[in-house]
Amino acid sequence: MRKLVYRYLWFIIGVIINSFGVAIITKAALGTSPISSVPYVLSLRFVPSLGQFTFVFNLLFIAAQVVLRGRKFPPIQFLQIVVNLVFSAFIDVGMKALWWFEPSSLPVKLAALVIGCAVLGFGISVEVAPDALLVPGEGVVDAITERTGKRFGSVKIAFDVTLVIIALILSFIFFRGINGLGVGTIVSALIVGRFVNLYNAHLPLIPRIRMLRAVAVPEVEQEIAVDNEGMQTEVETEA
């Protein structure tokens, strides 16, 4: 039971770290990550914050999983709603904590972008290691993968590209130009996975967290663990 609690604790810690990674990437002002691109463009046009739009957007991802999986959707995955709340709230916390950071020079912006990608990659490594739950963005990609029979990495790329295209269209509708997107969107898509592989290979903390998997879990959770392991392998292969 204690190992199970630690698994979910590390998962939540990873999600919170992810939130701050997204905030740092966004504050670099070179374009946010693909998964946050649509909420960010919407937050630039309307009153709700990036975190609030992220929460609503991820609810749509969860609903899509329910539709795509039908009766195969594991009830425990409804906890993604709680995860979504934590993730979205801490994005806003991170943005407010970095209120003072408004980089103007390109070198500082690039440095902030790389640091943000490194933080996001670390959060993903910590989040995936305990095989606790799926996050909404990964969950919907996994559901599409299951429904179509395509490789997770290929679906993930197509999914991210689709989100960026939608954000680009919204940007032109609202601002008649590109706003909220940039080289940072592309860079984050390319190097976050590299950081994940680096942490998984060389950071002692990650295998220690993985050791928490050696606990008797319900059949549904075992299925989730297998899915997560497969996704991680696919991502590492693609990266």
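Is the crossing of α3 and α4 right-handed or left-handed? I will come back to that after a short introduction to the protein. What you see above is a predicted model, in which local features need pLDDT of at least 70, side-chain atom pairs count only at pLDDT 80 or more, and totals for chains, interfaces and linings use all residues. Residues are numbered from 1 along each chain as its sequence is written, and side-chain values use heavy atoms, with hydrogens and water left out.

Let me start with the whole protein, whose secondary structure comes to ten helices and zero strands, where helices (H or I, at least four residues) and strands (E, at least two) are DSSP runs numbered from the N terminus. Of the 239 residues in the protein, 48% are buried, and buried here means under 20% relative accessible area, with exposed being over 50% and partly exposed in between, for a 1.4 Å probe and protein chains only. Among contacts between residues at least 6 apart in sequence, 80% join residues at least 24 apart, a contact being heavy atoms within 4.5 Å.

Now to the opening question: the crossing of α3 and α4 is right-handed, meaning that the near helix is turned clockwise from the far one by less than a right angle, whereas anticlockwise would be left-handed. Helix α3, residues 50-69, and helix α4, residues 80-97, pack at an angle of about 160° with their axes 8 Å apart; the axes are lines fitted to C-alpha atoms over the stretch in contact, and angles run from 0 to 180 degrees between N-to-C directions. The two helices are therefore roughly antiparallel to each other, since that word covers angles over 145 degrees, while under 35 counts as roughly parallel, 65 to 115 as roughly perpendicular and the rest as oblique. Among the residues that meet, α3 brings Thr54, Phe55 and Asn58, and α4 brings Asn84, Phe87 and Ile91.

The same α3 also packs on α6, residues 136-148, and there the axes come within 8 Å and cross at roughly 25°. That makes α3 roughly parallel to α6, and this crossing is left-handed. Residues in the contact include Asn58, Ile62 and Gln65 from α3, with Pro136, Val140 and Ile144 among those from α6.

Within α4, I would like to point to Asn84, which counts as buried because its relative accessibility is 0%. Leaving aside neighbours within four places in sequence, Asn84 is in contact with Thr54, Phe55, Asn58, Leu59 and Pro136. Other buried residues of α4 include Val83, Phe87 and Ile91, and what covers the buried residues of this helix includes α1 (2-27), α3 and α6.

Further along the chain is helix α7, residues 152-175, whose 24 residues reach 34 Å from first C-alpha to last, close to the 34 Å expected at 1.5 Å a residue, the expected span being 1.5 Å times one less than the number of residues. Among the buried residues of α7 are Phe152, Phe159 and Leu163, and just after this helix Arg176 takes a positive phi of about 55°.

Finally, Thr185 lies in helix α8, residues 183-202, and is buried, with a relative accessible area of 5%. Leaving aside its neighbours within four places in sequence, Thr185 is in contact with Leu30, Gly31, Thr32, Ser33, Pro34 and Val164; Val164 is 21 residues away along the chain, and the two C-alpha atoms are separated by 8.3 Å.
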